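Open the model in your viewer and keep the selection tool ready. We will go stop by stop.

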Amino acid sequence: MRIMVNRAVLTHRLFTGVSRRHLGSLIAELAEPWQTVVEGRRHEVRGGVGKRTVGAGARHQLVFTDRVVATLIHLRHDLPHAVLGLLFGVDRSTVTRAIGEIRTLLARRGCAVPDRPGVRLRTLADVFAYAQAEGVELRLDATEIQVRRPVASRGGRRAFVSGKKKQNTMKATVIADHLGRTLWTDALRPGRMHDATAARNEGIADCFRHFPEVEVLLDDGYLGLRRDHPGQAITPPRKPNKSALADVHARWEQARHQHSSDRITVEHALADHKRWKQLLRWTHRRNNLPDTYRAIAGLVSDRTANV
């Protein structure tokens, strides 16, 4: 059965999660990298340069614009590939290949820099360099996404069991600014790994050393970073002893509340990511989740960069 759907309807923000203006800029930005990937794959298959003239040969069943739209719909609503194939009039395998290509390109974009069109942050060092140059105080936090349990025959099953959620998860570390704009997210780690360990594995210690003026607001899960980098890694103040005077407890409560109010913006950034249905619970291959998270974080950062 073939269903003909108006393509203009599928490009609506309710389907893609982005405005049509944003969609147009994405298509213009990704067209050349996608064509480069396609030509490189063809060159590898042929074993040399093409012998036909440019534009000759079979046409794509799913044009580039539709590939981008199908990928955004999949990220936003987690529609099965077979359903998307029905909507776009192609086979499921065609949609699968298209989503794999576009998702990788979206993940490589990085995150947008507020009020700096065309500049993007891709590494933790990029974020620290930007924060020191612009005097931005960073907020860092981790979030966990439930994934399917590894099969019994594979090793490392316990690595994904989260001690906090008591589920199989993968952990993403995210950095935002004081307005909740996403600046960076890491390569996801197994859920059993501690939050501070995940940050250390991304090289945060080197970033603190090379950018001594950068301050990062953290929660109580990063006390080890505060110990190693005092004055830069800032966690909530420690609770005073029970025998302390009442005004000491009052000042502690006020300072802790102020720290939470300053740090809450990274929680808002994480909530923006979870509005994309694929990040509510991941039911696909785990090795595709890091690219998916980075792709969504980049799309969210585009929307909030000029807020």
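At what angle do the axes of helix α4 and helix α6 cross? Select residues 64-77 for α4 and residues 92-108 for α6. Their axes cross at roughly 80 degrees and come within 9 Å. An angle from 65 to 115 degrees counts as roughly perpendicular, so α4 is roughly perpendicular to α6. Keep in mind that this is a predicted model.

Now show the side chains where the two helices touch. On α4, pick Phe64, Arg67, Val68, Thr71, Leu72, His74 and Leu75. On α6, pick Ala98, Ile99, Glu101, Ile102, Arg103 and Leu106. Colour them by class. The contact of α4 with α6 has eight nonpolar residues, two polar and three charged.

**Next stop: an annotated span**

Select residues 140-299. An unreviewed UniProt entry lists this span as "domain: DDE Tnp4". Helix makes up 38% of the span and strand 16%. Click the C-alpha atoms at its two ends: they lie 19 Å apart.

**Next stop: strand β4**

Select residues 169-176, which form strand β4. Is this strand buried or exposed? Eight of its eight residues are buried, so β4 is largely enclosed by the rest of the structure. Check one side: Thr169, Lys171, Thr173 and Ile175 are buried. Then check the other: Met170, Ala172, Val174 and Ala176 are buried too. Both faces of β4 are covered.

**Next stop: the partners of β4**

Which strands pair with β4? Take them one at a time.

- Select β3, residues 138-146. Eight bridges join β3 to β4, and the two run antiparallel. Zoom in on alanine 142: its bridge partner in β4 is threonine 173.
- Select β6, residues 189-190. β6 pairs with β4 over two bridges, in the antiparallel sense. Here, methionine 170 has proline 190 of β6 as its bridge partner.
- Select β5, residues 182-185. Three bridges link β5 with β4, again in the antiparallel sense. Find alanine 176, whose bridge partner in β5 is threonine 182. Then find isoleucine 175, whose bridge partner in β5 is tryptophan 184.

**Last stop: the turn**

Stay with β4 and β5. How many residues lie between them in their hairpin? Trace the chain from one strand to the other: there are five. Finish on glycine 180, in the turn. Glycine 180 has a positive phi of about 80 degrees.

Terms used: Residues are numbered from 1 along each chain as its sequence is written. This is a predicted model: local features need pLDDT of at least 70, side-chain atom pairs count only at pLDDT 80 or more; totals for chains, interfaces and linings use all residues. Side-chain values use heavy atoms; hydrogens and water are left out. UniProt positions are given in the numbering used here, feature names are shortened, and annotations may be inferred rather than shown by experiment. Helices (H or I, at least four residues) and strands (E, at least two) are DSSP runs, numbered from the N terminus. Axes are lines fitted to C-alpha atoms, for helices over the stretch in contact, and angles run from 0 to 180 degrees between N-to-C directions. Angles under 35 degrees count as roughly parallel, over 145 as roughly antiparallel, 65 to 115 as roughly perpendicular and the rest as oblique. Contact means heavy atoms within 4.5 Å. Ala, Val, Leu, Ile, Met, Phe, Trp, Tyr, Cys and Pro count as nonpolar, Asp, Glu, Lys and Arg as charged, and the others, Gly among them, as polar. Buried means under 20% relative accessible area, exposed over 50%, partly exposed in between (1.4 Å probe, protein chains only). Two strands pair if DSSP finds at least two bridges between them.
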